[in-house]
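Me: Hi! I've got a structure open and would like to talk it through with you. Can I show you?

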Amino acid sequence: MNKQILSAILWMLSAAAQAETVFVTLEKDNALAVVDPIAGELIKTVEVGRRPRGIVISPDYKVLYIATSDDNIIKMIDTETMKEIGTLPSGDDPETFVLNPKGDTLYISNEDDSRVTVMDIAKLKVIKQVQVGVEPEGITVSPDSRWIVSASETTNMLHWIDAKTNIIVENTLVDARPRAVTFTPDSTMLWATSEMGSSLSIVDAGTKQIVKRITFEVQGVTKDKIQPVGVIIDKENKRGYVALGPANRVAVINAKTYEVEKYLLVGQRVWNLAFSPDQKRLYTTNGVSNDISIIDLDNLTVTKSLGVGNYPWGVAVKP
Amino acid sequence: MRSIKMLPRLAWIIFIIFQLVASTSLFAKGKQVIKIAYLTQTQKVRPVLSNLDPVIENKGVLGAELAIEDSNTTGEYTKQKFSLEKFIVPVDGNAVDTFNKQIAKKYAFVVTNLAHDVTNKVADIDAAKEALLFDAATIDDALRNKECRANVLHLLPSRAMRADALAQYMMKKRWTKWFLVIGNTKEDKLYAEAIKRSAKKFNMNIVQEKLWEHTFDARKSAQADVAVFTQLEDDYDVLVVADEQGQFGEYLDYRTWMPRPVIGTQGLVATSWHRTHEQWGATQIQNRFKEKTGRWMEEQDYGAYLAVRAIGEAATRTKSNELNPIKDYLLSDQFTLQGYKGTSLSFRPWDHQLRQPVLLVAPRSLVAVAPIEGFLHPKTELDTLGYDQPETGCQWSKEQ
């Protein structure tokens, strides 16, 4: 009996320690889904503005930045009260953006204007607009804050912007329609997905040259359905994960050998990815099946899918 | 060059200006130049049913121009420069002469926006054998089969691809009994042939076909005429109309004897591009095109856009401006073209047709995109549309 109580207490403690919240933008519902992934429940849905897509959480987890594309604005939402606490001018049709590790500068892709807008959040001031290739989409900042990399979909280029000067210093040509970019934790390598090229390019941040090109093959899925989009790498640089869009799979890639270890079947048109704070789980947004998938990373299995609303797009996690 | 230093300042400035004006290559200094010719012939304006839609005379060229801009953005970073020279042959002019005099030996890449027969006349010029033609206008199946040419690539979907796209949709909707109405032009007959081929391919039943022979100005009598015309002994699920010029097809909808949907060249239409298309980033190019030109992007604009983008993509990847490496790359497995269709586009090696999804559109909404889900193919589902490799009538590819 005592043992049972003890284990119950331990379970409650561990559950409390694991407590976390997943936020998912719902493009078609003009709303944000708030999910408890441990309980596997949709807690509530909050109105946020028209056509919310890109979502980023501040390093202190207090503020969510959400691009409401049809409002042409980035909204700031308090993660406790879920109330709007401010807005940032973003330029037309904001979709993807990223915060630097310090959390004081925002880099926004302006797809229609072929520009990256650099914004000082505290001063609400645009510091610079950097001209990049046609239709910039994916954007990331290296963990050492040295580089901003913007991927332009029609130009098929990765533009390396020096974070000190906000000037492009180098460009890397990758496969057709680059979508998402992310750095390894040590900032030495950049991973870039190409949606139409059906590939992942690994680029050396020193030479800016592609050192490895990874392609994907899923049995029973034709090549044109394999459209890599979201990409994410764990803190230990052990594995990277790539969302394969309409192939409905997440590819698990060994970050050392670059071998594809496994394909995990998730929801339809899997798009963006986020880790749990302890990196034991991966959350995926599935645009067509209107759900998120929860992946147990210890066992590399999909443990749950959870309906969240129409057109889940971006995902952010708070501990 | 010792003397340059000694030149007075004014002369020095004049010298620089002269260099800038006289030599456009100065601008491209250090850059590899990829020269593209755009060859079109002004068409006779055909009669239209109504004045609702303005007649657009520059379909095609604006798409090519936008693609040059897009390609040059990449070129900025890869030290390549793409240029477009336009050659417009008057209605009664001769495109072959224009090619021989102005394009031959000067341009390896030629985007053509020409009629069916003129396209092959140009392709058969000796000098055209040392060039690659990008046909951005025709939809003829013959040019992709018996009359195919090894130096021509086709950007727009053929009639067979369009008919297959419609057939897949009708099959999905279980509209299996078709009533085929055919206009009196040569093109209408070709469209009807494509529809009949699709009916056979997907095991659909054409319960009856009829020629539309009424006067074109049916404004006064359409109500009575169409009702009588569409009164058949056998029932049908859908009326399929073949009227490429749009001389009567618009009159059929809502006037049939039985309430039946109209599809084909009017009603639900199969096309490669339409203003209602906004998925897969299409909104971005629709916006860019409209901002640049002040009008919507038409199918020929899209065809010419894809043609120039294909050249751009191949030139970037091969780092070349020469015919053979670019042609080889375009026809290889590595070539993938981004065409705002949610899948990568490529050329079929057996007939040089660009494989691509086909949009099924109503005037104000995108209804479906073919290939329709469930139509499977061992290599790519895109090859469920049009002539697949085993069926091709293109001889040069069989000889290879």
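Me: What do the buried residues of H4(B) pack against?
Reply: Happy to look! This is a predicted model. In it, the buried residues of H4(B) pack against three strands of chain B, namely S1 (32-41), S2 (80-89) and S3 (109-113), and against helix H5 (116-123) of chain B.

Me: Which residues of that helix are buried?
Reply: Helix H4 covers residues 95-103 of chain B, and its buried residues are Ala95(B), Thr98(B), Phe99(B) and Ile103(B). Looking down the axis of H4(B), you find them within an arc of 100°, so they line one face of the helix.

Me: And what's on the face of H4(B) turned away from the buried side?
Reply: That face carries Asp97(B) and Lys101(B), which are exposed.

Me: Which residue just after H4(B) has a positive phi?
Reply: That's Lys105(B), with a phi of about 65°.

Me: Okay, zooming out. How is chain B split into domains?
Reply: The domain assignment gives two. Domain 1 of chain B is made of 31-157 + 272-356, while domain 2 is 160-271. Their centres, taken over C-alpha atoms, are 30 Å apart.

Me: How many residues does each domain put into the contact?
Reply: Domain 1 of chain B gives 10 residues and domain 2 of chain B gives 10 residues. On the domain 1 side, the classes are 4 nonpolar, 2 polar and 4 charged.

Me: Now the chains. How many residues from A and B are in their contact?
Reply: Chain A contributes 19 residues and chain B contributes 16 residues.

Me: Which elements of chain B give two or more residues there?
Reply: Helix H3 (61-78) and helix H9 (282-293) of chain B do. H3(B) gives the most to that side, with 5 residues.

Me: What's the make-up of the chain B side, by class?
Reply: The chain B residues that touch chain A divide into 12 polar, 2 nonpolar and 2 charged.

Me: Last topic: the largest nonpolar core. Which residues touch the most other members?
Reply: Val24(A), Tyr107(A) and Val250(A) do, in a core of 81 residues.

Me: What does Tyr107(A) touch, leaving out residues up to four places away in sequence?
Reply: Four valines, Val98(A), Val116(A), Val118(A) and Val141(A), along with Phe97(A), Ile139(A) and Ile148(A).

Me: And what's in the second core?
Reply: That one is separate and has 57 residues, including Val110(B), Val111(B), Leu155(B) and Met297(B).

Definitions and conventions
Residues are numbered from 1 along each chain as its sequence is written. Chains are lettered from A and ligands numbered from 1 in the order in which they are written. This is a predicted model: local features need pLDDT of at least 70, side-chain atom pairs count only at pLDDT 80 or more; totals for chains, interfaces and linings use all residues. Domain bounds come from an automatic or database domain assignment. Two residues are in contact if their C-beta atoms, placed from the backbone, lie within 7 Å. Ala, Val, Leu, Ile, Met, Phe, Trp, Tyr, Cys and Pro count as nonpolar, Asp, Glu, Lys and Arg as charged, and the others, Gly among them, as polar. A residue is buried if 20 or more other C-beta atoms lie within 10 Å of its own, exposed if 12 or fewer, and partly exposed in between; C-beta atoms are placed from the backbone. Helices (H or I, at least four residues) and strands (E, at least two) are DSSP runs, numbered from the N terminus. The arc is that of the directions from the helix axis to the C-beta atoms. A nonpolar core is a set of buried Ala, Val, Leu, Ile, Met, Phe, Trp, Tyr and Cys residues joined through C-beta atoms within 7 Å.
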